[in-house]
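Colleague: Could you take one part of this model and walk me through it closely, strand by strand if need be? Once that part is clear, I'd like to hear how the rest of the chain looks from there.

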Amino acid sequence: MENRRAKDLAAAVAALGMTSLATQIILLREFVSVFQGNELVIGVVLAGWMLLTGAGAFLGRFSAPLSGRSFVPAAALACAGVLPPATVLLLRTMRNIVFTAGSMVGILQALAASLVILAPFCLLSGFLFTFFVHLISSIEGENRTASVYAWESLGGTAGGAIFTLALTTYLETFQTLFILLLIDLGVALFLAWKARAAVAAAAVLLLMGAAIATLLTDRADTWTRKFLFPGQEIVYFRDTPYGNLTVTRQGGESCFFENSILMCSTNDVTPNEESVHYCMVQRPSPHRVLLIAGGISGTTTEILKYGVQRVDYVEINPWIIGIGRKFTRALEDSRISVIGGDARMYVRSTENRYDAALINLPDPATAQLNRFYTLEFFGELKHVLNDSAVVSISLLQAA
């Protein structure tokens, strides 16, 4: 009978591993998105995650008094499932309250914020690992640390595979989190039923009902993202492998954001004119132009005013091309060739030659962007330019 109970608890350990790894992936993506795409945030969040989880595992050494209470495993697993959506909610709602809206958060600020936001879940998950080791070892009468670690790793592997291959492709953030919550609650209900803990089972059933109702309404993501874009109507959002894309509307104008950074706005002609005309007027009768990023903003319209035969617009994120076609008319002209893929790879492989190259990228605030501000890139770019070609690039002045 005791061995059977240990096997029941193994399901809880696997569910904990699945929840921990999937939550880590989701929260990493959320922090990068909310804190404007800086890859250093990944290292900061992982450091905070390991520190807090280790602290929770240490605190688990004092969990022996809880082992004799039959409802604790079910209640603890239910809490572990509830905390991830609560953490994402806190991150999105507090971003523009704690920090200035639109500002880039510094590394120390990101570290402090991650420690505060991650603390509840990481401390609990670390605590529960040690708690389950102690509980299962006491039931089996021998040290079962390796077995508990194996079950948690198995659950984590399953969670990572399911998240990577399925959930990110078809589901939004809160949909994924509530599916994980329902898995945890299902295991918690099983444990409560096996332990004959009626009150715990009733509480878990109530949580399951609330989770299913929230999942069916399918409004949690839209509602929470409104805190990141106050005063704007969100008409589109999607988490892509390259970052979060959001389209908002305000006063008849649409704004396009990537990882909370404004890419462009409709009806805002001045930035397009500045990014195009300073370059194009220096090259008489250009025939072919290379445009790296920024094509959905309307720069293509300004380039075509010079009677060019072809504009090759290279964009790494295919979802940006999709929202450009859906919400703008910037890509409708037949002279525009839209090329999906990495611009550096394209420059290395293309046989085309250009009279002008417009690099319409933000400042090199991330490693992804910094690749286009290097000596190596400009050396590669030189090989695809005709004689007397002009290259345009813009940077904000230093503070």
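Modeller: Let's start with one pair of residues: Thr248 has Cys255 of strand 3 as its bridge partner. Keep in mind that this is a predicted model.

That pair belongs to the contact between strand 2 and strand 3 (residues 253–258), which run antiparallel and are joined by 6 bridges. The two strands form a hairpin with 2 residues between them, and Gly251 takes a positive phi near 60 degrees there.

Now look at the other neighbour of strand 2. Strand 1 (residues 233–240) pairs with strand 2 in the antiparallel sense too, over 7 bridges. If you want a pair to click on, Asp239 stands opposite Asn244 in strand 2. Strand 1 and strand 2 also make a hairpin, again with 2 residues between them.

How enclosed is strand 2, then? Of the 8 residues in strand 2 (residues 243–250), 6 are buried, so the strand is largely enclosed by the rest of the structure.

Carry on past strand 3 and you reach Asn259, which sits in the loop between strand 3 and strand 4 (261–265). The backbone does something worth a look here: phi of Asn259 is near 50 degrees, a positive value in a residue other than glycine. For context, most residues other than glycine have a negative phi. Asn259 counts as buried because its relative accessibility is 9%, and the cut-off for buried is under 20%.

Further along the chain, Ala293 makes a nice companion to that one. Ala293 is not a glycine, yet its phi is positive, at about 70 degrees. Its place is in the loop between strand 5 and helix 10 (299–304). Ala293 also counts as buried, with a relative accessibility of 9%.

Strand 5 brings us to another sheet. This one is an open sheet of 5 strands in the order 7-6-5-8-9, with parallel pairing. Strand 7 (336–340) and strand 9 (385–393) are at its edges, and each has a single partner strand, so one side of each has no neighbour in the sheet. From one strand to the next, the twist averages 20 degrees. On the strand 7 side, strand 6 (residues 310–315) pairs with strand 7 in the parallel sense over 5 bridges. Within that pairing, Asp312 stands opposite Ser337 in strand 7. Helix 9 (residues 269–280) packs on the sheet, where it touches strand 5 (288–292), strand 8 (354–359) and strand 9. The direction of helix 9 makes about 150 degrees with that of strand 8.

Since you'll probably wonder about the cysteines: the structure holds 0 disulfides. Cys279 is in no disulfide, and the nearest cysteine sulfur, that of Cys264, is 19 Å away. Cys279 is buried, with a relative accessible area of 2%. Cys122 can't make a bond either, because the closest cysteine sulfur, in Cys79, is 15 Å from its own, which is too far. Cys122 counts as buried, with 0% relative accessibility.

Back before strand 1 in the chain there is helix 7, and it rewards a slow rotation on screen. Helix 7 (residues 198–217) has 20 residues, which at 1.5 Å a residue should span 28 Å; the C-alpha atoms at its ends are 29 Å apart, and that agrees. Its buried residues are Ala200, Ala201, Val204, Met208 and Ala211. These cover an arc of only 90 degrees around the axis, so they lie on the same side of helix 7. That buried set packs against helix 6 (173–194). On the face turned away from the buried side, helix 7 carries the exposed residues Ala198, Val199, Leu206 and Leu216. Just after helix 7, Asp218 takes a positive phi of about 55 degrees.

One last stop is Gly156, in helix 5 (residues 145–170). Gly156 is buried, with a relative accessible area of 7%. Leaving out residues up to four places away in sequence, Gly156 touches Gly17, Met18 and Leu21. To get a feel for the distances involved, take Gly156 and Ile336: they are 180 residues apart in sequence, and their C-alpha atoms are 46 Å apart in space.

Definitions and conventions: Residues numbered from 1 in each chain as written. Predicted model: local features only at pLDDT ≥ 70, side-chain atom pairs only at ≥ 80, totals over all residues. Heavy atoms only, no water. Helix = DSSP H or I, 4+ residues; strand = E, 2+ residues; numbered from the N terminus. Expected span 1.5 Å × (residues − 1). Buried < 20%, exposed > 50% of the residue type's maximum accessible area, 1.4 Å probe, protein only. Arc of directions from axis to C-beta. Contact = heavy atoms within 4.5 Å. Pairing = 2+ DSSP bridges. Disulfide = S-S within 2.5 Å. Axes fitted to C-alpha atoms, helices over the stretch in contact; angles between N-to-C directions.
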